[in-house]
Amino acid sequence: MCDYVPTLNRMSAIDSILNPIRYIFSDDFTLRVAQWRLALLSRIPMGLALMRKRNTIPTSHLSLEAFGMKFPSRIGLGAGYDRNGEFVKAMEATGFGFIEIGTITPKPQKSDTAPALHRLENDRALLYCGQTQCDGVERVIENIKQYRGNIIVGCNIAKNDSTADDDAPQDYLRLFRPLYQYADYFTVNIARNSSAKPYVPTNRDEIMAILTPLFEFRRGQNQYRPILLKISPDLSDEQVDLMTDIMIDTPLDGIVACAGTVGRHGLENSTSTVHALGRKAGALSGAPLRERALEVVRRIHDRAQGTYPIIGCGGISTADDALAMLEAGASLVQVTTEYIYNGERSIRDMRAGLNERLRKAQQRQKSDATE
Ligand SMILES: Cc1cc2nc3c(=O)[nH]c(=O)nc-3n(C[C@H](O)[C@H](O)[C@H](O)COP(=O)(O)O)c2cc1C
């Protein structure tokens, strides 16, 4: 015992010197730098205008009416990049048709681990770990309340990690009410699996306890806000069916499939890297998720007989990936990992490529109809 305590103290003293240095070389820092650049561009006169100009390309085939709203493009930014609603204008200038802010929590919360983000370059994947970092709902409202642009703004909501699972419904309602007038749609995140204390309810009663108060609140409002459920790719097929049935049986408007996975299968990275990361609680995103995400979207689409809009995400990094997701049954797609890796250039390429593919498909349909 006596030996142990001084060792621990010495370790934490060394760590307190090394951690800032480690941070500068970490993937978290690279992401922060990209976000600072966006924040700066948003503040300098003409910054966003130049960005918008660079990203203005013909994309008329990408627009879509879904959930009773007009999406200027079917390609959106997934949750996790802009947890505080700081980059909505920048994402519009990037060419996204919608953005999902969050995950938003009622109270601010900081990560319990550092660093939180790891690039697995060979796998075109990211591992993100620890608590969701968010400045809390009040800050988010401050950031988004002035936005009057064209893109659709979704709010992805979840309970604080410090809130007991049994009290989760109160947290979701605590977010839903004040955000209602500022959000175009809501995503109820029940796939919080990146920390050592995951929250992934899979029981119908537990999920309905979260959703019912939201439906009730919405019933008393003049404006209709679609509510979607974000699900984990690690659910069994039967659990995916249960989520689909909840959508069919209740006023739920759609599903976002999928969040990151806790699985570590099929990775190309060296065994030692994967082993080291495998011991860490965290969610894996990007290419390794693609097949399962497609499978889940197809399953929901088939069970709901194509009558509900699905937002598909997981490993979309090219126009072909986006098209495959639409063909599996998604109405809209979200991209997170690819944007973190390659920024606005890859989104521009994806938009151009998907627009062209949809244009050709429409042309084929027309000529088939006239034959
Ligand atoms: C760094 C990072 C942070 C994320 N944080 C969240 C989050 O806070 N809430 C959430 O619902 N999804 C979060 N996600 C999951 C993404 O929204 C998306 O569902 C998942 O990564 C699959 O898409 P992708 O392969 O395009 O990244 C995060 C993803 C990444 C890469």
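Me: How many residues surround the ligand?

Reply: The model is predicted: local features need pLDDT of at least 70, side-chain atom pairs count only at pLDDT 80 or more, and totals for chains, interfaces and linings use all residues. Residues are numbered from 1 along each chain as its sequence is written. A residue is near a molecule if its C-beta atom, placed from the backbone, lies within 6 Å of it. G78, G80, S285, T336 and T337 are the closest, and the residues around the ligand number 26.

Me: Which helix supplies at least two residues of the shell around the ligand?

Reply: Helices (H or I, at least four residues) and strands (E, at least two) are DSSP runs, numbered from the N terminus. Strands β4 (98–104), β6 (125–128) and β11 (283–286) each give at least two. So does one helix, α12 (337–370).

Me: How many charged residues does that shell hold?

Reply: Ala, Val, Leu, Ile, Met, Phe, Trp, Tyr, Cys and Pro count as nonpolar, Asp, Glu, Lys and Arg as charged, and the others, Gly among them, as polar. The shell has 9 nonpolar and 14 polar residues. Its charged residues number 3.

Me: How many residues are in the largest nonpolar core?

Reply: Such a core is a set of buried Ala, Val, Leu, Ile, Met, Phe, Trp, Tyr and Cys residues joined through C-beta atoms within 7 Å. Buried means 20 or more other C-beta atoms within 10 Å of the residue's own, all placed from the backbone. I231, I255, A257, V297 and V333 have the most contacts inside this core. Its residue count is 93.

Me: Which element gives the most to this core?

Reply: The top contribution is 6 residues. These come from a helix that also helps to form the ligand shell. That helix is α12.

Me: How many strands form the closed barrel?

Reply: Its order is β3-β4-β7-β8-β9-β10-β12-β13, with parallel pairing. Two strands pair if DSSP finds at least two bridges between them. β4 and β7 (residues 152–157), for instance, share 6 bridges. The strands of the barrel number 8.

Me: What is the bridge partner of I101 in β7?

Reply: β4 and β7 run in the parallel sense. Residue I101 has its partner in β7, namely C155.

Me: Which strands are the edges of the open sheet?

Reply: The open sheet has 3 strands in the order β5-β6-β11, paired antiparallel. Each edge strand pairs on one side only. Those edges are β5 (117–120) and β11.

Terms used: Buried ≥ 20, exposed ≤ 12 C-beta atoms within 10 Å, placed from the backbone.
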